[in-house]
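Got the viewer open? Here's a short walk through the model, one selection at a time.

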Amino acid sequence: MTQKNEITETGEQIVKKKRGRGGIENFPSVLGNMKKEDVQRIGRNLLRWYKLDKAVTDEEIAERLDYYFTTCFTTGEHPTNESMCLALGYDRSTIWKWENGSEGSTTMRRNLIKKAKELLAAFDAGMVNDGKINPIVYIFRAKNYFGLQDKQEYVLTPNNPLGDLSNLGEIQKRLSDGVADD
């Protein structure tokens, strides 16, 4: 187990683990490692999708999704919901509406979007299983784009303190028996 030692202002030594439970480097940040080449590569990939005309018909959408995923997996680009929307030529809210069967959606279009999102979800799950993306990033994406939830359901059964009485006379008698007279 690797450790990192720090000295406080009072001269006290603090030992912090780098890895394992409570480790300070369990999920290292890569934000500080961004290089000019990374920005150029990501920007080039996004511009490729941005410059395409909108896919209008269901057939064009199917072809564009095939082109998008084939290109991503051939070039090593990480497919995302955002870049998929760019490739189709629409914003995320429009794609969400199609997926949910409203405003411009057809059965084929809805099924294409659902299948594409399943492919995105499966790809992200594979990446997190292989340790290639941060699990917290995956959790965020899974909840926001792929419908996963942290949810517990409770079944509440109403309890009738008077029992199964259906006769109004019996109910009145039980109530009056339980009430003290003045």
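Start by selecting Glu82, Asp124 and Arg141: these three are linked in a network of salt bridges. Keep in mind that you're looking at a predicted model. The structure holds 9 salt bridges, and we'll come back to a few of them.

**Zoom out**

Color by secondary structure and you'll get 7 helices and 2 strands. Reading from the N terminus, the order is β-β-α-α-α-α-α-α-α. The chain has 182 residues, and 23% of them are buried. Switch on a surface and about 13700 Å² is exposed, with carbon and sulfur atoms supplying 53% of that. As for contacts between residues at least 6 apart in sequence, 39% join residues at least 24 apart.

**Helix α2, the buried side chains**

Next, select residues 58–75, which make up helix α2, and pick out Phe69 there. Is Phe69 buried or exposed? Its relative accessible area is 7%, under the 20% cut-off, so Phe69 counts as buried. To see what surrounds Phe69, leave out anything up to four places away in sequence; what it touches is then Pro79, Met84, Ala116, Leu119 and Leu120. Try a distance label on one of those: the C-alpha atoms of Phe69 and Leu120 are separated by 9.3 Å, although the two residues sit 51 apart along the chain.

Now click on Thr71, also in helix α2. Thr71 is buried too, at 12% relative accessible area. Which residues does Thr71 touch, once those up to four places away in sequence are set aside? Show Arg48 and Trp49 and you have them.

**Helix α2, the charged side chains**

Stay on the helix and select Asp66, which is found in α2. Add Glu59, Glu60 and Glu63 to the selection: together with Asp66 they gather in a patch of negative charge on the surface.

Then go to Asp58, which forms a salt bridge with Arg109. The closest N and O atoms of this pair are 2.8 Å apart. Why is this pair worth a stop? Arg109 lies in helix α5 (residues 107–129) and Asp58 in helix α2, so the bridge ties together parts that are 51 residues apart in sequence. Both ends are tucked away: Arg109 is buried at 10% relative accessible area, and Asp58 counts as buried at 13%.

**Two more salt bridges**

Side chains of opposite charge can pair when their charged atoms come close. With that in mind, select Glu103 and Lys97, whose closest N and O atoms are 3.4 Å apart in a salt bridge. Glu103 is exposed, with a relative accessible area of 57%, whereas Lys97 is partly exposed at 27%.

Finish with Glu153 and Lys151, another salt bridge, where the closest N and O atoms are 3.8 Å apart. What is the setting of this pair, buried or exposed? Glu153 comes out at 68% relative accessibility, so it counts as exposed. Lys151, at 54%, counts as exposed as well.

For a last view, show Asp58 with Arg109, Glu103 with Lys97 and Glu153 with Lys151 together, and rotate the model to take in each salt bridge in turn.

Terms used:
Residues are numbered from 1 along each chain as its sequence is written. This is a predicted model: local features need pLDDT of at least 70, side-chain atom pairs count only at pLDDT 80 or more; totals for chains, interfaces and linings use all residues. Side-chain values use heavy atoms; hydrogens and water are left out. Helices (H or I, at least four residues) and strands (E, at least two) are DSSP runs, numbered from the N terminus. Buried means under 20% relative accessible area, exposed over 50%, partly exposed in between (1.4 Å probe, protein chains only). Contact means heavy atoms within 4.5 Å. Accessible areas come from the Shrake-Rupley method with a 1.4 Å probe; for residues, only the protein chains shown count as cover. Patches are made of residues with over 30% relative accessible area and no salt bridge: like charges are joined within 9 Å, nonpolar side chains (Val, Leu, Ile, Met, Phe, Trp, Tyr) within 5 Å. A salt bridge is a side-chain nitrogen of Lys or Arg within 4 Å of a carboxyl oxygen of Asp or Glu. Lys and Arg count as positive and Asp and Glu as negative; His and the chain ends are not counted. The place of a charge is taken as NZ of Lys, CZ of Arg, CG of Asp or CD of Glu.
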